[in-house]
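Here is a protein chain to look over at your own pace. Let's walk through its overall build, its pockets and its aromatic rings.

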Amino acid sequence: MSEKSIKERKTMNLANIKEMFQDEAVCWDRVENLRSIDLRAHLLKVRARDRAEAIERGIGIARYALQTLQNWGLDAQQFEPGHGIGHLMRDYLNALRLLGTLDADPRDIFVGIVGGVMHDVSCALVKRYEESKKAVRHAEAGALLFLEISEKAKLPINREETELIAYAIAAHTQYLREMDVACRDGITRRVRPYRDLDDDGKPVLAIWLPRWIDRLDCSGPTMVGRHFLTLAKNREDYNIKTGYYSVNFEDHLRPLLRTPEEIRADGGNQTMREHLHMFASTQTNASPYGKHDFGRMCELRNASREMLLEIISRVQEFPKRSSEEQENILNRWESFLGKTIEPSTLGRITAKEVCGLFRNLDESSRLAWSNGFQATMDHYASWSETALRDLAELPKEWLSLSMVEDNFVQSLTLEQAITS
């Protein structure tokens, strides 16, 4: 790298980036310009002759981009729990597991792996659960952040590749319909679904792959831990059928599993069990999110979906467990959250905080979720064993990533010791 490019990288810092995200009008205009790119024409400019080149080049770009963020002062230990360092590691793992054998154009694979790894990095700067009054949300912020990295750090990619990756990052939040958003600057803006089909009505896989990679960590045992970590503070969440709703820890941990009609009749607030069931229900080709799934994606998503459904079914008051048994499970759960699901300083702090809240719940909720936590850890042991087997088939030089190289593979194996 030249001395000039190193100097240019050091002119950016977190303060510059956060200031950039404050002006919604400017950010909105940039995102609207990005929406206008010609997806097909841009794909033709992607440089990837075969799968190996696509993956290796994509890994290189993702590493370079993440290293740039570190140089600008981004501390991976302080990433937002649930969308932090653990999610980033598993996104990378899932990208390799998915794209290593998927029958797809190498150009789509290149865009998919970079977009899949980078899609939630902006959550370190933009609060994921404060988006209802914003039109430029974490996905759009991630796209703008990638554009800044590419420009300021001189990533070795052309303009079309940069814009296509940024578009894929923005489009990883799959809007199903248009909606008006009353933004905090007093302006109402209309958020529209992103284009993800070509002129013949076929899916543009480069846009769908980051969504697939994200969805693979929105199911299975890891999703249970991720979601629980986001409950340290009351917040809003999103139901695809009823929109935004309030999340209160005590109410959310009621072990209820109601029909959508019953949820609406009761004010629209989902429980954690219902929230997880909603995600499991989208992991099929009958869902608008999974309608284009095929091949390796179907294999991975089906396995995770079955695990999540089994966990949901085991959130109940039977078998009965003593107070001592419940406390032992909770202690292992806290360790699982802070060492495996979110292996970071903030992850461990949040795990301790949210488990403390759990101890104040009523007896029936504690018992039901103790069974659910144990089921989650049991299934995670199975999931990680399969994932590690897949990793063993990959080139060793792929198994490191800027920000997380010291605990990437290690974090996958920790749960084996926790549950033994």
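What follows goes from the whole chain to the pockets and then to the rings.

A quick word on ground rules: this is a predicted model, where local features need pLDDT of at least 70, side-chain atom pairs count only at pLDDT 80 or more, and totals for chains, interfaces and linings use all residues. Residues are numbered from 1 along each chain as its sequence is written, and side-chain values use heavy atoms, with hydrogens and water left out.

**The whole chain**

The protein chain has 19 helices and four strands, taken as DSSP runs (H or I of at least four residues for helices, E of at least two for strands) and numbered from the N terminus. Its C-alpha trace spans about 65 × 50 × 45 Å along the principal axes. The radius of gyration is 21 Å, which agrees with the value near 22 Å for a compact globule of 420 residues; that radius is taken over C-alpha atoms, and the globule rule is 2.2 Å times the number of residues to the power 0.38. Buried residues make up 57% of the 420, where buried means under 20% relative accessible area with a 1.4 Å probe, protein chains only.

**The pockets**

Rolling a probe the size of a water molecule over the atoms shows where empty space is left. On a 1 Å grid over the protein atoms alone, a pocket is an open set of points where a 1.4 Å probe fits, with protein on both sides within 12 Å along at least five of seven lines, and lining residues have an atom within 4 Å of a point. A volume is the space filled by probe spheres set on the points.

The largest pocket holds about 960 Å³ of space. It is lined by 36 residues, and R128, T173, Y238, F279 and Y289 are the closest to its centre. Two or more lining residues come from each of α10 (205–215), α11 (220–229), β3 (235–239) and α14 (272–281), and α10 gives the most, with four.

For the second largest pocket, the figure is about 540 Å³. Of its 22 lining residues, the closest to the centre are E80, P81, K127, E130 and K233. Here helix α17 (residues 345–358) gives the most, again with four residues.

The linings by class look like this, with Ala, Val, Leu, Ile, Met, Phe, Trp, Tyr, Cys and Pro as nonpolar, Asp, Glu, Lys and Arg as charged, and the others, Gly among them, as polar:

| Pocket | Nonpolar | Polar | Charged |
|---|---|---|---|
| Largest pocket | 13 residues | 11 residues | 12 residues |
| Second largest pocket | 11 residues | four residues | seven residues |

**The rings**

There are 13 aromatic pairs, counted when ring centres of Phe, Tyr or Trp (its six-membered ring) lie within 6.5 Å; planes under 30 degrees apart are stacked, over 60 edge-to-face and the rest tilted. Y167 and Y194 pair edge-to-face, at 5.6 Å centre to centre and 85° between the planes. Y167 sits in helix α9 (residues 159–170) and Y194 in the loop between β2 (188–191) and α10, 27 residues apart.

How are the rings of Y175 and Y194 arranged? They are stacked, with 6.1 Å between centres and 20° between planes. Y167 is buried at 1% relative accessible area, Y194 at 6% and Y175 at 9%.

Y194 also has R35 over its face, 3.8 Å from the ring centre (the rule asks for NZ of Lys or CZ of Arg within 6 Å of the ring centre and within 35 degrees of the ring normal). Elsewhere, R211 lies over the face of W208 at 4.6 Å.

Notes
Buried means under 20% relative accessible area, exposed over 50%, partly exposed in between (1.4 Å probe, protein chains only).
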